[in-house]
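Here is a quick tour for anyone opening this model for the first time. Have a look at it, then read on.

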Amino acid sequence: MKEFFAQFAIPHPSLLIYIAMASIVFGTIALVAVVTYFKLWGYLWREWITTVDHKKIGIMYLITALVMLFRGGVDAVMLRMQLAVPENTFLEAQHYNEVFTTHGVVMILFMAMPFITFFFNFLVPLQIGARDVAFPRLNNLAFWLFFMGMGLFNISFVIGGSPDSGWTSYFPLAGNEFSTSVGTNYYMIALQIAGLGTLMTGINFITTIMKMRAPGMTLFKMPMFTWSALIANLIIVFAFPVLTVALAMGTMDRLFATNFFTTVNGGMDMLWANLFWVWGHPEVYILILPAFGIFSEVISTFARRNLYGYTSMVWSMIVISVFSFAVWTHHFFTMGQGAFTNSIFSITTMAIAIPTGVKIFNWLFTLYKGKIEMTTPMLYAMHFIPLFTLGGVTGVMLAMSAADYQYHNTMFLVAHFHNVIIPGVVYAMLAGLTFYWPKMFGFMLNEKIGKATVWVMSIGFVLAFIPMYITGLDGQARRMYTYSDATGFSFLNMVSFVGAGIMTVSFIMIVWNIWYSFKNSPRDISSDPWNARGLEWATHTPIPHYNFAITPDVTDASEEAFWDSKKKGTQLFKGKIEDIHMPNNSGQTFVMSVFFFIAGFAFVFSMWYLAIFGLIGILACMAYRSLEDDHGYHIHAHEVEEDEKKHAQKGGAK
Amino acid sequence: MGKVNNNVPLEYSTEENNLKIFGFWVFLGAEIMLFGTLFASYFTLVDRTGAGPTGAEIFEITPVLIETFVLLTSSFTIGLAIHAMRIGSKKATISFMVITLLLGAVFLGVEIYEFKHYVHIGAGLSVSAFTSILLTTLGTHGLHVTMGLCWGSFIIFQIWKRGLNSVTAGKTFVFSLYWHFLDVVWIFIFSFIYLKGMM
Ligand code: HEM
Ligand SMILES: [Cu+2]
C-alpha cells in the first residue's frame, strides 16, 4: 500500500513544488466550488464540453493556450532568475533540468500549437464561407485528446516527477538509466495523446479547405490565412506520424526494455535525434506559417491595400513546406555525421531563407504602397518584421555547419530561436487575438493599453534575448544551471533577467487589458469594426452558430471578397434563406478522451490493469460510435430569418 | 445528410460521404508516413543485431507464404464485396465481407504463431535493436489488421440490420480502402523484410 502511493511522490521535492501543489489543489477546489455555486455544470456540459461548433472549440483552444502561456512563462522567469547571478542556489541542477524541459514542451506544444489551432478553428470556416468544419465531431474529439495530453503532461509536476531531459528528450539521456523518474514516461505518452488530436485536426482542416469552400472560391482566391492553414495542416499530416512512431519507440524502450535508442544490444541513440527532428523541424513551420498568415491579414487590412504579390506569397509557403522536411540534420551538425552530410543540410537550410525573404519583401512592398494605420495588431506586425529578420539572420549563421561547432548548444542558439519564435509566432498570435477579439466577443480591446503592451514586450524582449547572443558566442552553454563569476557572464545575465521581468509585465498588461476592456469597452460596435477585407467579417457579431444565413458566393469577387462587396458592390449573398442542417453535440468524444487520459496515466506508472481498463473504454466508445445513428438536426428557414432580423438591428453585412 | 445524388455509386451519393472518403484518403497519407517511418527505422537497425540473431537465422518461409496468400486473397474478396454492394446485393456484400474477415483472422492466427515462435527461439522484443524494430513493424501491421477485424464486424452487423444505404455503403467503401492499404503495406513487408532478409 505504502509502496503503491510512494510511486506517485515527487522525487526531488522543494519548497517551490509544495507551494505549486498547494496552489493547484486550492485552485481546483475554488474552481469546482464556483462552478457548483453558480450551477454552471449543465451549462458547461451542454454549451462547451460537448460542443461541435468550430467557434467554441476554437475558444477552448484559446483558453488552453493562454493558461499554458502563463505556466510556461512562470517556468521561463524561474530559469532566468536562476541564471541572473553566478553560483545561484535558487534552483538546484535537477530542478533546473525539469523546468527547462517543461518550459520548452509547454511553450511549443501546449501554448503555440493550441494557439494556432484556435485560429484554424475560429477563422478557416468563416474565411471560406462554410458553416462548420468537415468533421465537427472529430473536431471536438481532437480538442479533448489534445487537452487530455496537456493535462497529463502538467500533472507530472505534482505526481511522480517532471521530465528532465529537455524538450528534445535525447537518448540515452532520456532512457531509464539517466532519467530515473517517471517524468519521461509522461513526456512520451502525453505528447502521444495530444499528437493524436493534432493529427485529427490536420485531416479535418485539409478536408474542410479542399472540399467546403464557398462557390466561386478557387484555391488562388483563398485568403492568405486559409492558405497558410492548408499548408500547415498538410505538414501536420506528414510530420506527426513520425513523432507518433518515435514516441512509441521511446515509450517501449522505457517500459518494455526494447533496444531502439539504447547504447547496448545494437540500439542507436542517433535514431531518436533523427526521428525527433524529422518531425521537429517541420513543426517549427507548422507554427510559423499560420503566424505569417495572420500577419498577412493584419498588414493588408491596416496598410489599406491588398497584399502585394499574393501568388508569390502562396508559392513561397509551398516551397518552405517542402524544404522544411529536408533540413532536420542542422540540429546536430556536431554529433558525428560527415562533412558531406553537413554541407548538404547547410545548403538546404540556407535555401529556406529565400522564400522567407520573399515574404518579408512582399510585406514591405504592401506597406510601401499602403496608407498605414497604426493599430495594435499593426504595431505587432511592425515590431515583428525587424525582430524576426534578426532572428532569421542568426539562423543563417547557425546554418553554417563549420561555424556551428563554435556556438552549438550555447545561449546563442537559445537567443536565435526565441528571436524567431517570439516576434514570429507569439506576436502573430497576440496580433491576431487583438484583431479578431471583437469578432469573438463583441467588444474591442483597449488600443492605448494594447499599444503600450507591444512596446513593453519588445523592450523586454530585446533586453532578455540580445544579451544571450553575446554570452553564447563567449561560450555560455545552454541548459547549464549555473556558472562561475569568473566567466564574466553575470552582468549580461542580469540584464536578461530584467528583460524577462519586463516581458512578464507586458503579459500581465494583456490580462489587464482584457479585464479593463470587458468592463469599459462599448458593445455597440458593428460586425466590421476594423474596416477589414475577408469573408470572416461578413457575418454578424456575435456570429450566429450557423455562421452565414446564406452561403456566400464569391464568383465575382477577388480573394478579398468582403472588401469587394464594400467597394465594388459585389453581391455575396444571393438566393434566399433555406433550412440549415447542423450536427448534434456529442458527449461521447469527451468520455473517450477521459479513457485516453486514464490509459495514459496508467501507462506512465505501468499499472497494467488500469491501462487495460482505459483501452477497453476507448474501444467501447469507438464501437458505440460506429453503431450510433446521428443525423443532426435542421434549423428551419423561418427561425433563421428571425435570427437574422435580430442581428440586423445590430448592424453588419447585408 | 444533405442532398442525395443518384447518378453516382451509393457510397458517393451524399455530401457527407464525399467528405468522409476524402478525409480517409488524407488519413491514409498519414498512415503512409507512419509505416514509412517504421520501414526507415527498420533499414537503419536491421544489421544492428547485437548478440541476438539475424533475420536470415529466424525467418521461415512457410508461415510467411500462408500469410501473404490469405491477405492477398482477402484484398480480392473485399473488392468483390464492393462490387456486390454496387449492384445492390446485400447478401453477397455480407458474404464477401465475412470471407474477408475470416481470411484476416487466419492471417492474424498465423502471425501470432510466428511471434510465439520468435520469442521461443530467442528473438523476443527486447533482445536487440533488430528484433525490437522487426516485431514492432510487424506488430503495428498486425494491430491494424486486428482493428480492421473489429471494425469490419461492426460494419457487417450494420449492413445486416439496416441494409445497404448511403451510410453503410460509405462505411463499407472506406473500410475497403483501409483493407487494401494493409495489403499494400504487407507487400512491402514481404519483399523488404522477409525476402530481402532471407537472401
Ligand atoms: C518571457 C519569455 C521567455 C523567456 C524569458 C524564456 C527563457 C528561456 C530560457 C532561459 C530557456 C533555457 C535555456 C537553457 O538553459 O537551455 C528557454 C528555453 C526554451 N524556450 Fe523559452 N523563454 C521565453 C518564451 C518562450 C516561448 C514563447 C517559447 C515558444 C513558443 C519558448 C520556447 C523555448 C524552448 C523550446 C526552449 C528550449 C528548452 C530546452 O532547452 O530544452 N520560450 N527559454
Ligand atoms: Cu530545424
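## Before we start

A polar contact here is a pair of N or O atoms within 3.5 Å. By that yardstick, a polar backbone atom of A:Trp167 pairs up with an oxygen atom of ligand 1, at 3.3 Å. Keep in mind that what you're looking at is a predicted model.

## The iron site

Let's begin with the metal in ligand 1. Which residues coordinate its iron atom? That job falls to A:His103 and A:His418, each through NE2, at 2.0 to 2.1 Å. These two come from distant parts of the chain, 315 residues apart: A:His103 sits in helix H5 (residues 93–127) of chain A, and A:His418 in helix H14 (residues 411–441) of chain A. Both A:His103 and A:His418 are buried.

The iron atom of ligand 1 has six donor atoms, with angles of 83 to 178° among them, and its site is octahedral.

## Around ligand 1

Now step back to the surroundings. Ligand 1 has 23 residues around it, and the closest are A:Tyr96, A:His103, A:His418, A:Arg478 and A:Arg479. Sorted by class, that shell holds 16 nonpolar, four polar and three charged residues. H5(A) gives the most, with seven residues, while helix H4 (54–84), H14 and helix H16 (490–520) of chain A each supply at least two.

As for other polar atoms, a side-chain atom of A:Arg479 comes within reach of an oxygen atom of ligand 1, at 2.4 Å.

## The copper site

Ligand 2 is a copper ion, and its donors are A:His281 (ND1), A:His330 (NE2) and A:His331 (NE2), at 1.6 to 2.0 Å. Along the chain, these donors follow the spacing H-x48-H-H.

Are A:His330 and A:His331 buried or partly exposed? A:His330 counts as buried because its relative accessibility is 14%. A:His331 has 21%, so A:His331 counts as partly exposed.

## Aromatic company

There are 84 aromatic pairs over all chains. One of them joins A:Phe4 and A:Phe5: their ring centres are 5.3 Å apart and their planes sit at 80°, so this pair is edge-to-face. A:Phe4 counts as partly exposed at 39% relative accessibility, and A:Phe5 does too, at 48%.

Another pair, A:Phe435 with A:Trp530, is tilted because the planes are at 35°, with centres 5.9 Å apart. A:Phe435 belongs to helix H14 of chain A, whereas A:Trp530 lies 95 residues away in the loop between H16 and helix H17 (561–567) of chain A. Both A:Phe435 and A:Trp530 are buried, and they belong to one aromatic cluster whose members include A:Phe115, A:Phe205, A:Tyr436 and A:Trp537.

Key: Residues numbered from 1 in each chain as written. Chains lettered and ligands numbered in written order. Predicted model: local features only at pLDDT ≥ 70, side-chain atom pairs only at ≥ 80, totals over all residues. Heavy atoms only, no water. Donors = N, O, S within 2.8 Å, 3.2 Å for Na, K, Ca; no water. Tetrahedral: all angles 85-135°; square planar, octahedral: opposite > 155°, others 65-115°. Helix = DSSP H or I, 4+ residues; strand = E, 2+ residues; numbered from the N terminus. Buried < 20%, exposed > 50% of the residue type's maximum accessible area, 1.4 Å probe, protein only. Near = heavy atom within 4 Å. Polar contact = N/O pair within 3.5 Å; in protein donor to acceptor, adjacent residues only side chain to side chain. Nonpolar A, V, L, I, M, F, W, Y, C, P; charged D, E, K, R; others polar. Phe/Tyr/Trp six-rings, centres within 6.5 Å; stacked < 30°, edge-to-face > 60°.
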